[in-house]
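I opened this model to note how its strands and helices are put together, and to check the backbone angles that caught my eye. The entries below follow the order in which I looked things up.

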Amino acid sequence: MIDAKKVMLKAKQCKTVIPAYNIPYLPMAEPVIRAVVDNNSFAMIQVARVEWEKFSAGTLEAVAEEYMKYKNDEHTLLHLDHVPVIDEDYKKVDYISILERAIKAGYRSVMIDASRLGLEENIRCTKEAVSLAHEAGLPCEAELGAVMGHENRELPPYEEIFRSKRGFTDIEEAKHFVKESGADWLSVAVGTIHGAVAEATRHQKKPEARLDIEHIENLRDALGIPLVLHGGSGINQSFISRGIAAGITKINIGTEIRQTYEQAIRDYNDIARAQDAVYDKTSALITDFLDIKDSRNLL
Ligand SMILES: [Zn+2]
């Protein structure tokens, strides 16, 4: 079994990226894993709470069970994405019990997201989650800054977000946050946005995002831990290799493969055909978008 913390440090050292693919529909797990293995790459398979609350992933245990059927320990790891302290509808979440369930179900790393709280509250909740994960021997990802998009409300125009650096992770705050919370990896806001999850907007195409490369480099130099990019779908491809070189070690990809699956279901109403479409899309992401075919050899 590969150690999630070690593999991320290795990826950081050799400047490659580990994609983490979201599974909002259980049948997506098999074709995603197959594409990862066939392209000799390495990836995390993950699910966020919003995907079992608002899509049909079911429960975190159901995703773990599906994962265990198809996993390949040489190429894949199971990660728990966003466990929010305050969710996208601004409701409080019993995050500790979700994390405990994930540890029991066999997740190899977890994420706590207290980014809707102020800095000190975020630190307090993150520290609690980190110590729970560390007791189980697992690394914990946290988020600082505002990667917008999950919230059920209109986003400001993308150009305005990027120009004003609205919600971007502050360097000094991040230094303080990592030191105090003990988080192993940090999800940073550097230009990307999450795909919409609200019923009314989830099928819309995401606006094309850019990355603030200099900001990523500054965060990397200040923090020294692996950085995570959420909202990986829809980034202008020319920024990807520069983002990785600048210090991005994990990139979350959800919307692109989810919309591929949903579109195929709408077109054919056939799960096997939708799985084929997800396989092709994941392969294309590995070979063309991320350019990490054979990345397994580096890790
Ligand atoms: Zn995210």
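**Entry 1: exposed residues with positive phi.** I began with Asp294, which counts as exposed with 11 C-beta neighbours inside 10 Å, the limit for that class being 12 or fewer. Asp294 lies in the segment after α12 (271-289), and its phi is near 70°, a positive value in a residue other than glycine. I kept in mind that this is a predicted model, and that most residues other than glycine have a negative phi. I then looked up Tyr90, which sits in the loop between β3 and α5 and has a phi near 65°, again positive in a residue other than glycine. Tyr90 is exposed as well, with 10 other C-beta atoms within 10 Å.

**Entry 2: the barrel.** How many strands make up the closed barrel, and in what order do they run? I found 8 strands, in the order β1-β2-β3-β4-β5-β6-β7-β8, with parallel pairing. The twist from one strand to the next averages 30°. For the closure I checked β1 and β8, which run parallel and are joined by 4 bridges, and I noted that Tyr21 stands opposite Ile253 in β8. Helix α1 packs on this sheet, where it touches β1, β3, β4, β6 and β8, and the direction of α1 makes about 115° with that of β8.

**Entry 3: helix α1.** I next went through α1 (residues 4-13), in which Ala4, Val7, Met8, Ala11 and Lys12 are buried. Seen down the axis of α1, these buried residues fall within an arc of 140°, so they line one face of the helix. The face turned away from the buried side of α1 carries the exposed residues Lys6 and Gln13. I recorded what the buried residues pack against as β1 (18-22), β3 (76-84), β4 (109-113), β6 (185-188) and β8 (248-253). Leu9 also belongs to helix α1, but with 17 C-beta neighbours inside 10 Å it counts as partly exposed. The C-alpha atoms of Leu9 and Trp185 are 9.7 Å from each other, although 176 residues separate the two along the chain. After α1 comes Lys15, whose phi is positive, near 50°.

**Entry 4: strand β6 and the core.** Are the side chains on the two faces of β6 buried or exposed? I found both faces covered, with Trp185 and Ser187 buried on one side and Leu186 and Val188 buried on the other. In a regular strand the side chains alternate between the two faces of the sheet. β6 pairs with β5 in the parallel sense over 4 bridges, and with strand β7 (residues 227-229), likewise in the parallel sense, over 2 bridges. Leu186 has an opposite residue on each of these neighbours, namely Ala142 on β5 and Leu227 in β7. Leaving aside residues up to four places away in sequence, Leu186 touches Ala142, Leu144, Ala174, Val178, Leu223, Ile225, Leu227 and Val228. I then looked up the largest nonpolar core, which has 89 residues, and Leu186 is listed with Val32, Ile45, Val110 and Ile112 as having the most contacts inside it.

**Entry 5: helix α4.** In α4 (residues 60-70) I listed Leu60, Val63, Ala64, Glu66 and Tyr67 as buried. Their directions, seen down the axis of α4, fall within an arc of 165°, so these residues line one face of the helix. Met68 and Lys69 are exposed on the face of α4 turned away from its buried side. What covers the buried residues of α4 includes α2 (29-38), β2 (43-47), α3 (49-53), β3 and α5.

**Entry 6: helix α6.** As a check on geometry, I compared the span expected for the 17 residues of α6 (residues 119-135) at 1.5 Å a residue, which is 24 Å, with the separation of its end C-alpha atoms, which is 24 Å and agrees. The buried residues of α6 are Asn122, Ile123, Cys125, Thr126, Ala129, Val130 and Ala133, and they pack against α5 (95-105), β4, β5 (140-144) and α8 (171-181). Just after α6, I noted that Gly137 takes a positive phi of about 80°.

Conventions
Residues are numbered from 1 along each chain as its sequence is written. A nonpolar core is a set of buried Ala, Val, Leu, Ile, Met, Phe, Trp, Tyr and Cys residues joined through C-beta atoms within 7 Å. A residue is buried if 20 or more other C-beta atoms lie within 10 Å of its own, exposed if 12 or fewer, and partly exposed in between; C-beta atoms are placed from the backbone. Two residues are in contact if their C-beta atoms, placed from the backbone, lie within 7 Å. The arc is that of the directions from the helix axis to the C-beta atoms. The expected span of a helix is 1.5 Å times one less than its number of residues. Two strands pair if DSSP finds at least two bridges between them. Axes are lines fitted to C-alpha atoms, for helices over the stretch in contact, and angles run from 0 to 180 degrees between N-to-C directions.
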